[in-house]
Amino acid sequence: FRIMAGKVKWVTDIEKSVLINNFEKRGWIQVAENEDWNFYWMSVQTIRNVFSVETGYRLSDDQIVNHFPNHYELTRKDLMVKNIKRYRKELEKEGSPLAEKDENGKYIYLDFVPVTFMLPADYNLFVEEFRKNPSSTWIMKPCGKAQGKGIFLINKLSQIKKWSRDSKTSSFVSQSSKEAYVISLYINNPLLIGGKKFDLRLYVLVSTYRPLRCYMYKLGFCRFCTVKYTPSTSELDNMFVHLTNVAIQKHGDDYNHIHGGKWTVSNLRLYLESTRGKEVTNKLFDEIHWIIVQSLKAVAPVMNNDKHCFECYGYDIIIDDKLKPWLIEVNASPSLTSSTANDRILKYNLINDTLNIAVPNGEIPDCKWNKSPPKEVLGNYEVLYDEEMAQSDGTDRDPRGRPGQPTGVKGSRARDSGKPVLTTWK
């Protein structure tokens, strides 16, 4: 896709057919017998090479790529947490009301990631926290892996003793042969539907970080476990109870290949509105949107905002039984593999709508344009946040706004007046 010449590695035939259809419409591909392509969708590994000083690549104005050079500041588990913690500290120094804490020292508005430490670097800090509540359960995840690989749960310090001898380093990359991990307080009270745990996979497109402009995809979905949830410590090793990743659940005996253990977000909304009420449901989704925008704001200052780049992230959100959403992680390469018929439709539309925003009207890409496409090309995307417009309205400078309100340039309807108004997250 008018990016760099090279050989394409397709994950599935479905992905290949979807991308080819989109590229052919725009006249962007030239197919040779040896399958060398002039345009293709880049992997995160290829991005490193393209922006590496050593390679000498320089993108021209008509070349765009589907990742930011240092996307890992958001999509690597340890760096995401590090950047969010830094963001909180900066807001505290500024005296921002967003950094307000309650009487227990917890952030009122910015408490959206579970308590997390890096191992081995933060081993001693973790031990101190663990001993405050020795009956708690924690989840260990390797920093640089996906699809549930290497994840396990612990409830005893002895289960991670091998990290203790390497706790002197303060680097976010392990200096020993042991892989760097994050360890987070496990959310042991997830919202259950049918007795099963689930999480949300939401797609967010960022066209530029400075000024921040991002879009929420309306067609996200829930991923369910195949086995009913229990907080029992005897089931800590049963990943079919605890991990929602399809890469894991598809190997379970109870996995359903027709619906894939998935619900659409719209079905979740209907369920919550009927069981908890519309107002509570709206508040929940407002808070999810708030979390996404704040996580993007947290990494915006350190993100290499190259004009040739855009990115579609896969956000993983878990909701607890108090209807509080938690950000678990952000994926740089959310799976485009289809496990069901509905999956194929959703992901086809996702790719199509993403391309329409990245390159409106199927024209030759131009990295110098202002990246603000007309509303009619958004498809199933809606503007989540537009920093430029928020600042021109003066809303970003007003600290009194309630976190969780609808934001960006998206017009929302004021409940009291019934008139459309422009609102923003702070």
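This report describes the overall composition, strand pairing and aromatic contacts of a predicted model.

## Overall composition

The protein chain contains 426 residues, of which 52% count as buried. Its secondary structure comprises 11 helices and 16 strands. The accessible surface of the chain amounts to about 20300 Å², and carbon and sulfur atoms account for 49% of that area.

Contacts across the sequence were also counted. Among contacts between residues at least 6 apart in sequence, 69% join residues that are at least 24 apart.

## Strand 8 and its partners

Strand 8 spans residues 196–209, and 13 of its 14 residues are buried; it is therefore largely enclosed by the rest of the structure. Strand 8 pairs with strand 7, strand 9, strand 10 and strand 12, as set out below.

On the N-terminal side in sequence, strand 7 (residues 192–193) runs antiparallel to strand 8 and is joined to it by two bridges. Within this pairing, I193 stands opposite K196. The two strands form a hairpin with two residues between them, and G194 in the turn has a positive phi of about 65 degrees. A hairpin also joins strand 8 to strand 9, again through two residues. Strand 9 (residues 212–217) is antiparallel to strand 8, with five bridges between them, and L205 stands opposite Y215 in this pairing.

Strand 10 (residues 221–224) is antiparallel to strand 8 and connected to it by four bridges; here D199 has R223 as its bridge partner. Seven bridges link strand 8 with strand 12 (residues 311–319), also in the antiparallel sense. In that pairing, L202 is matched with Y315.

## Strand 6 and its partners

Strand 6 covers residues 181–185; four of its five residues are buried, so this strand is largely enclosed by the rest of the structure. Strand 3 (residues 116–119) runs antiparallel to strand 6, and four bridges join the two. T116 of strand 3 has S184 as its bridge partner in strand 6.

Strand 4 (residues 138–142) is likewise antiparallel to strand 6, with five bridges between them. The bridge partner of M140 is I183 in strand 6.

## Aromatic pairs

A search of the whole structure finds 13 aromatic pairs. One of them is formed by F126 and F130, whose ring centres are 5.8 Å apart and whose planes meet at 50 degrees, a tilted arrangement. Both residues belong to helix 5 (residues 123–132), where they are four residues apart, about one turn of the helix. F126 and F130 are both buried.

The rings of Y215 and Y381 have centres 6.4 Å apart and planes at 75 degrees; angles over 60 degrees count as edge-to-face, and the pair is therefore assigned to that class. Y215 lies in strand 9 and Y381 in strand 14 (residues 381–386), so the pair ties together parts that are 166 residues apart in sequence. Y215 and Y381 are both buried. These two tyrosines also belong to a cluster in which ring pairs link Y203, Y215, Y217, F221 and Y381.

## Charged groups over rings

Two contacts place a basic side chain over an aromatic ring. The charged end of R269 sits over the ring of F285, at 4.4 Å from the ring centre. K324 lies over the face of W326, 4.7 Å from the centre of the ring.

Notes:
Residues numbered from 1 in each chain as written. Predicted model: local features only at pLDDT ≥ 70, side-chain atom pairs only at ≥ 80, totals over all residues. Heavy atoms only, no water. Buried < 20%, exposed > 50% of the residue type's maximum accessible area, 1.4 Å probe, protein only. Pairing = 2+ DSSP bridges. Contact = heavy atoms within 4.5 Å. Areas by Shrake-Rupley, 256 points an atom, 1.4 Å probe, with all protein chains shown as cover. Phe/Tyr/Trp six-rings, centres within 6.5 Å; stacked < 30°, edge-to-face > 60°. Lys NZ or Arg CZ within 6 Å of the ring centre and 35° of its normal.
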